[in-house]
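This briefing covers one internal cavity and three helix packings. Each group of points can be checked against the coordinates.

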Amino acid sequence: MRKSWLALFALSLGLSLAVPLLYGGLDSLRALRGVPVWALAALLAMVGAGWVLNAARIRLLATGLGGRLGRRRALLTVIASEFAGVATPANVGNAPTYVLLLSRHGLTVGQAAAVVAVDGLTDLVFFATAIPAALLLFALDRGVSGPLRLGGLLLALTLLGVAALGLLLRHYRQLALWLGRRLHHTARLRRLRFRLARGLIQFRRAVQLLLAMGPWRLGLLYLYCVGHWMLRYGVLPAILWLMDQAVPWGYLFLMQGLLLFLGQLIVLPGGGGGVELGFGAMLAPYLDPVTSASVLLLWRFCTFYWYLLAGAPVFALLSGRAVSELARRST
């Protein structure tokens, strides 16, 4: 098991580096020399700020259930879980790591799973409101360059998301019944009934947890969610701005959403190779091969390699005996 994971991990890293070099050759590496150190530090600061907001979201949920999770520990938990996600195929290591680490801070395994379920539910609500906004922006071919326009977009996404979350909480029983009927009448889904039933139970726990939070804490939770994803998806536009390239923001948002989904489907950790191929194909109408490759390398460093470099020691530190036991059993 350990050897197969290492082989997949090495293959993913190799492909994620080889594909950009095939696009732009060594010229893409030379283009990166023009990126100042302060710019790289600013990009990594955006990643770190996204982690901080995600940690605030996890801490808000955990403390609401009686967990003892400080700010520093919440941040380390997020970094370790993000590492586990990008280091495993289809991000499968993310949720179990969250559950493992949260269960060490006053939460039961079921409560920790509920926190993860709520975290995923708020993400789904965000994308359900942000994707139509991105489509509209792309259709109108308007950027989000002005600070007032960006602030208005953030406010609109927050208000729409909170409204959608409120409607979901009010009508979640009807949604569960509708899903049950679809499951019963669709032959292909009957084989997945146990998995879907487990998902509905987790969904119900998540709804119960959200209902107990109150409107102000719920709004704060969703604000953290919006901030986290806007920072995470803002790295690519910032890189393009640094390289004096103009690509519609709405298109970049939709592209990153598709690449995130594609990475979940690929068996290699971090979606190595497939994400790079998709990235090059989607930016081909806007960028030449050398620029596309250099942007891709810098973007993947911030959203993949940095997760590995910063997260590996934190994951090993927090997991402790669990990692040692897993390594011993897999040899």
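**Cavity and helix contacts**

In this predicted model, the largest cavity is lined by M46, V47, G50, W51, H228, L231, R232, V235, T303 and Y307. The elements that each give two or more residues to this lining are α3 (37–64), α11 (215–242) and α14 (289–319). The helix contacts below involve these elements, along with α4 (residues 71–86) and α13 (residues 274–283).

**Cavity**

- The count of cavities of 30 Å³ or more comes to one.
- The largest cavity holds about 60 Å³ of space.
- Its lining divides by class into six nonpolar, three polar and one charged residues.
- Rolling a probe the size of a water molecule over the atoms is what shows where empty space remains.

**α11 and α14**

- The axes of α11 and α14 lie 9 Å apart, and the packing angle is about 150 degrees.
- Angles over 145 degrees count as roughly antiparallel, and α11 and α14 are therefore roughly antiparallel to each other.
- The crossing of these two helices is right-handed.
- On the α11 side the contact uses R232, V235, L236, I239 and L240, which meet V295, L298, W299, C302 and Y307 of α14.
- By class this contact has nine nonpolar residues, no polar ones and one charged.
- R232, V235 and Y307 belong to this contact and also line the largest cavity.

**α13 and α14**

- The axes of α13 and α14 come within 10 Å and cross at roughly 135 degrees.
- That angle makes α13 oblique to α14.
- α13 passes α14 in a right-handed crossing.
- V275, E276, F279, G280 and L283 of α13 make the contact with S292, V295, L296, W299 and R300 of α14.
- The residues of this contact are six nonpolar, two polar and two charged.
- V295 and W299 of α14 take part here and also in the contact with α11.

**α3 and α4**

- The axes of α3 and α4 come within 8 Å, with a crossing angle of roughly 115 degrees.
- α3 and α4 are therefore roughly perpendicular to each other.
- α3 passes α4 in a right-handed crossing.
- From α3, W51, V52, N54, A55, I58 and R59 meet R71, A74, L75, V78, I79 and E82 of α4.
- This contact divides into eight nonpolar, one polar and three charged residues.
- W51 is part of this contact and also lines the largest cavity.

Note on methods:
Residues numbered from 1 in each chain as written. Predicted model: local features only at pLDDT ≥ 70, side-chain atom pairs only at ≥ 80, totals over all residues. Heavy atoms only, no water. 1 Å grid on protein atoms, 1.4 Å probe; cavity = no way out; pocket = protein on both sides within 12 Å on 5 of 7 lines; lining within 4 Å. Points joined across faces, edges and corners; volume = space filled by probe spheres on them. Helix = DSSP H or I, 4+ residues; strand = E, 2+ residues; numbered from the N terminus. Nonpolar A, V, L, I, M, F, W, Y, C, P; charged D, E, K, R; others polar. Axes fitted to C-alpha atoms, helices over the stretch in contact; angles between N-to-C directions. Parallel < 35°, antiparallel > 145°, perpendicular 65-115°, else oblique. Left-handed = near helix turned anticlockwise from the far one by under 90°. Contact = heavy atoms within 4.5 Å.
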